[in-house]
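Thank you for making time this morning. I would like to walk you through one structure, beginning with its DNA and then turning to the protein interior.

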2 protein chains.
Amino acid sequence: MLTTERHEWIMDLLRQKQTVKISELVEGTGASESTIRRDLTELEAINLLERIHGGATIRDRNIQELSVSDKSVKNEQEKLQIAAVAAGLVEEGEFIFLDAGTTTFRMIPFLAGKGTVVVTNGLTHVDTLIDHGITTYLTGGYVKGKTGALVGPQATGALSEYRFDRCFLGANGFHPEYGYTTPDPEEAAVKKLAASLSRRTYVVADHSKAGKVSFTKVLPLASAGLITDSLDAAMMEAVENETTVKVVTE
Amino acid sequence: MLTTERHEWIMDLLRQKQTVKISELVEGTGASESTIRRDLTELEAINLLERIHGGATIRDRNIQELSVSDKSVKNEQEKLQIAAVAAGLVEEGEFIFLDAGTTTFRMIPFLAGKGTVVVTNGLTHVDTLIDHGITTYLTGGYVKGKTGALVGPQATGALSEYRFDRCFLGANGFHPEYGYTTPDPEEAAVKKLAASLSRRTYVVADHSKAGKVSFTKVLPLASAGLITDSLDAAMMEAVENETTVKVVTE
DNA sequence: TCATAATCGTTCACAAACATTCAAAAACAG
DNA sequence: CTGTTTTTGAATGTTTGTGAACGATTATGA
């Protein structure tokens, strides 16, 4: 099947809102629910989005998250809230680093119109950044097939020429003792370097990453602001520092 | 196939509206549905549009500005042939630079399975390269919005760390006196540098670029192999050198 | 935990869009 | 003017997109 006008419409809305409900699409397009479902199935098949219960969410190819069954519109909205809070920290005209990864990806729409200048190693971020009119620089480097992340000495070499106002990183786990961790050593190297080049560093990660430990250490917990949603008391205490931001999900 | 007045009319509407329905075209031109279908099939064959159920849509930004008269089925096939010949020069396991641009883009499928390692400054090339299983490095740099080319000191800086077996460049014109030229000075700088880092440099360009001169000079004519299709006698003589390759179209 | 409601995938019948064929009309060349 | 080629539009049967119906699955709140 090939792209129809309706498909474009869906993708446009999705790029704007990150997450859409089926009811919105039915109302917006005037098509039936069956048709919308079919569209979503098709668009998912070509990796443009990911279906979730009640709707769909935009897919950037960095999907390492193994099928956590709790994917739903509500869950995605929480992640969006984290992204919005993170982007809200950025002030007019700042120069920031945006890590490859899904959560940082979701920050992009919230950065539009601020005159932000972005450096990223996330290939999949670029299209969306440009679409939102954001001045964008790419680190070079080896293209990691699946994820579209740029890594290796070329990436770190290019990165080291910059200095950032803020730096936003993703992580696969955070833990009181082991700090922020991520599976891939090469990506960890990029993250670590980016952090060292920034006045302020933030890690964006939802509560499901709390207490998890992944293969490679990126930073100690206290050395970056953590932007996340609800945490249990023990974890709260562990991460408490002046830069930590907690997103309250009502 | 001849380019009719109706074809121009269709493309004009398409450029305006991005997507058109067949019914609109029938009404607008006064031609029958069969005829419109035929037109769309023909225009699709030369890559000016993409057919979708119920109408047609413009494929991608690169091609939008081209007019009907610039293209034909024959022309399209010639370009593919040029790309095939260019890619055929690459030997097993070589390290090459692939310039941003449509003609170099067409080389990608022919490079698959050769163990080629590619460095490119063309953002739009990357997906296709990865899809064909080709090891890919990206120069970093400023992302030029519409074209997706990476340019600027970051791009040239990253590039200068490499050495290539072969380098394939696109050009907007070639001329006995003024050499290979291209409109954008920033892109020209990247091309020039890439050429200087390669054992062998080739320019891929079809005969419609012969005698044309664009804003910025990249290289003198004799300093790179030219891969093109039929040329008139005067031009033939001018470009004659040991690396020039002419694609013979039957 | 269970009951209820919302969301989901599947099937089916119908309509819209499609490629293909063929003959008439128009353009062209000698 | 005559024979040939090209373009066109109608008719054909086929494929594809669509919406409604139904039972299965998944969230949610008591």
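**DNA contacts and nonpolar cores**

A backbone N or O atom of B:Ile52 lies 3.4 Å from a phosphate oxygen of DNA strand C, and a backbone N or O atom of A:Ile52 is likewise 3.4 Å from a phosphate oxygen of that strand. Before going on, I should say that this is a predicted model, in which local features need pLDDT of at least 70, side-chain atom pairs count only at pLDDT 80 or more, and totals for chains, interfaces and linings use all residues. Residues are numbered from 1 along each chain as its sequence is written, chains are lettered from A and ligands numbered from 1 in the order in which they are written, and side-chain values use heavy atoms, with hydrogens and water left out.

In the side chain of A:Arg51, an N or O atom is 3.0 Å from a phosphate oxygen of DNA strand C. Altogether 14 residues surround this strand, and A:Arg37, A:Arg51, A:Gly54, B:Arg37 and B:Gly54 are the closest. Of the strand's atoms within 4 Å of the protein, 87% belong to sugar or phosphate, and the rest to bases.

Turning to the interior, the largest nonpolar core (buried Ala, Val, Leu, Ile, Met, Phe, Trp, Tyr and Cys residues joined through side-chain atoms within 4.5 Å, where buried means under 20% relative accessible area with a 1.4 Å probe, protein chains only) has 32 residues, of which A:Leu40, A:Leu98, A:Leu111 and A:Phe168 touch the most other members. This core draws at least three residues from each of domain 1 (5-58) and domain 2 (73-246) of chain A, with bounds from an automatic or database domain assignment.

Technical notes: Near = heavy atom within 4 Å. Polar contact = N/O pair within 3.5 Å; in protein donor to acceptor, adjacent residues only side chain to side chain. Buried < 20%, exposed > 50% of the residue type's maximum accessible area, 1.4 Å probe, protein only.
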